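User: I'm new to reading protein models and would love a close look at one part of this one. Could you take me slowly through the inside of it?

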Amino acid sequence: MKYCYLFLLIAFYGCKTVSVSESIKVTENHFFYKVDSLSVSKTLKTLSSDEMQGRESGTHGGEKAANYLAALLQQYNVKPYFKTYRDTLSNFKETTFNIIGVIEGNDVALKNEYIILGAHYDHIGITKVGVNGDFINNGANDDASGVTAVAEIAKYFGANKTNKRSIIVAFFSAEEVGLLGSFHLAEKLKKQNVNLYTMLNFEMIGVPMQADHTAYITGFNKSNMAEKVNEYAGKKLVGYFPMEFQYQLFLRSDNFPFYKEFNVPCQTVCTFDFKNFDYYHHVQDEFELMNVSHMTRFIQEIIPVVEKMANTATKEVVLNK
């Protein structure tokens, strides 16, 4: 028995371990942080509640959602990227805001390179034609689910600061009326000469798809993003979905303005496959239809991917020639 105990000691101390916090340890081959499904559920349920009135840009409900997300970033120890978390859109007729935070990288050189994690928090508000007396488009899947994922990733990095590159956390407004929030931010960051490495956007991840991978990635052939995500995940986490090309989804979500401005890999991950959810832009896009367990698993698997993306010595995610 004592030889077995000695072997275990050697194995334990021979493993390279980096302490991240009192409750989290990361090794070369393991990631022990656990995403809290109750936290996932709370954020998703709050954003898709009737109190948010469908989160339409320029409305009281949209502003209420913006305030909630700004408070969440502050709670998660994510600093404002600008003077405040609110960044007023210059291309929208009413007053509406992107909510933008930053987690500065911990490497003297690499912190000047940026990764953007994004999702749009706006939705289509209150409809004139209701269903069974319900007129509020709560937008649980579209895109409170994506916002929740980004918030949970921000929660991890805000607490543990394990990223060498800096991470911009972006919650976009006015996506539903033409990607206006992301166009506004992309143009603004370009004028600031931000050194953007890559952008990963999260869209409609509330229900699982039937495939041999958890999610698909838009613009699959534009870069080696999918290859690197799967390499970093140690499994086939994302794959190709033919209908994303058919419907040109790469051009229709908040990744596109950053690709257009910076010409670097900027792509969206999604699990909506046109068959697994019947309530796109519908009042029945409700929290109760979301699969929180699926979301929690996906977020759990994507956090170490983002961590590796933020910490590689060189920019490994590149556009295809």
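Which residues touch the most other members of the largest nonpolar core?

Analyst: Happy to help! Keep in mind that this is a predicted model. Its pLDDT averages 92, and 91% of the residues score at least 70. One stretch calls for care: over residues 1-29 the pLDDT stays under 50. Helix 1 (residues 2-14) has the lowest mean pLDDT among the elements, 34, while strand 9 (residues 166-172) has the highest, 99.

Now to your question. The largest nonpolar core has 72 residues, and the members that touch the most others are Ile-99, Phe-171 and Phe-202. Let's use these three as our guides.

We can start with Ile-99, which sits in strand 5 on one side together with Phe-97, Gly-101 and Ile-103. The other side of strand 5 carries Asn-98, Ile-100 and Val-102, and the residues on both faces are all buried. As a rule, side chains in a regular strand alternate between the two faces of the sheet. Strand 5 (residues 97-103) is largely enclosed by the rest of the structure, because seven of its seven residues are buried.

Who are the neighbours of strand 5? Strand 4 (residues 86-88) runs antiparallel to strand 5 and is joined to it by three bridges, with Arg-86 opposite Ile-99. Strand 3 (residues 79-80) also pairs with strand 5 in the antiparallel sense, over two bridges; here Pro-80 has Gly-101 as its bridge partner. Strand 9 is joined to strand 5 by five bridges, again antiparallel, and Val-102 stands opposite Ile-168 there.

Our next guide is Phe-171. Leaving aside residues up to four places away in sequence, its contacts include Asn-98, Ile-99 and Ile-100. Phe-171 also touches Leu-69, Leu-73, Ala-119 and Tyr-121, as well as Val-147, Val-150 and Ala-151. There is a second, separate core too, with 19 residues, including Leu-185 and Phe-258.

Helix 4 (residues 140-160) deserves a visit as well. Its 21 residues reach 28 Å from the first C-alpha to the last, close to the 30 Å expected. Since 19 of those 21 residues are buried, helix 4 is largely enclosed by the rest of the structure. Just after helix 4 comes Lys-161, with a positive phi of about 50°.

The third guide, Phe-202, stands opposite Val-269 in strand 13. Phe-202 takes us to strand 10 (residues 195-203), which is mostly covered, with eight of its nine residues buried. Strand 10 runs parallel to strand 13 (residues 266-270), and five bridges join them. Strand 10 is also parallel to strand 6 (residues 113-120), this time through six bridges. One pairing there puts Tyr-114 opposite Leu-196.

Tyr-114 is worth a second look. With 18% relative accessibility, it counts as buried, because the cut-off is under 20%. The structure holds 16 aromatic pairs, and one of them joins Tyr-81 with Tyr-114 edge-to-face, at 6.4 Å centre to centre and 85° between the planes. Tyr-81 lies in the loop between strand 3 and strand 4, and Tyr-114 in strand 6, so the pair ties together parts that are 33 residues apart in sequence. Phe-250 and Phe-256 form an edge-to-face pair too, because their ring centres are 6.2 Å apart and their planes at 80°. Finally, ring pairs link Tyr-216, Phe-241, Tyr-247, Phe-272, Phe-274 and Tyr-280 into a cluster.

Technical notes: Residues are numbered from 1 along each chain as its sequence is written. Side-chain values use heavy atoms; hydrogens and water are left out. Buried means under 20% relative accessible area, exposed over 50%, partly exposed in between (1.4 Å probe, protein chains only). Helices (H or I, at least four residues) and strands (E, at least two) are DSSP runs, numbered from the N terminus. Two strands pair if DSSP finds at least two bridges between them. pLDDT is the predictor's confidence in each residue, from 0 to 100. Contact means heavy atoms within 4.5 Å. The expected span of a helix is 1.5 Å times one less than its number of residues. A nonpolar core is a set of buried Ala, Val, Leu, Ile, Met, Phe, Trp, Tyr and Cys residues joined through side-chain atoms within 4.5 Å. Rings of Phe, Tyr and Trp (its six-membered ring) pair if their centres lie within 6.5 Å; planes under 30 degrees apart count as stacked, over 60 as edge-to-face and the rest as tilted.
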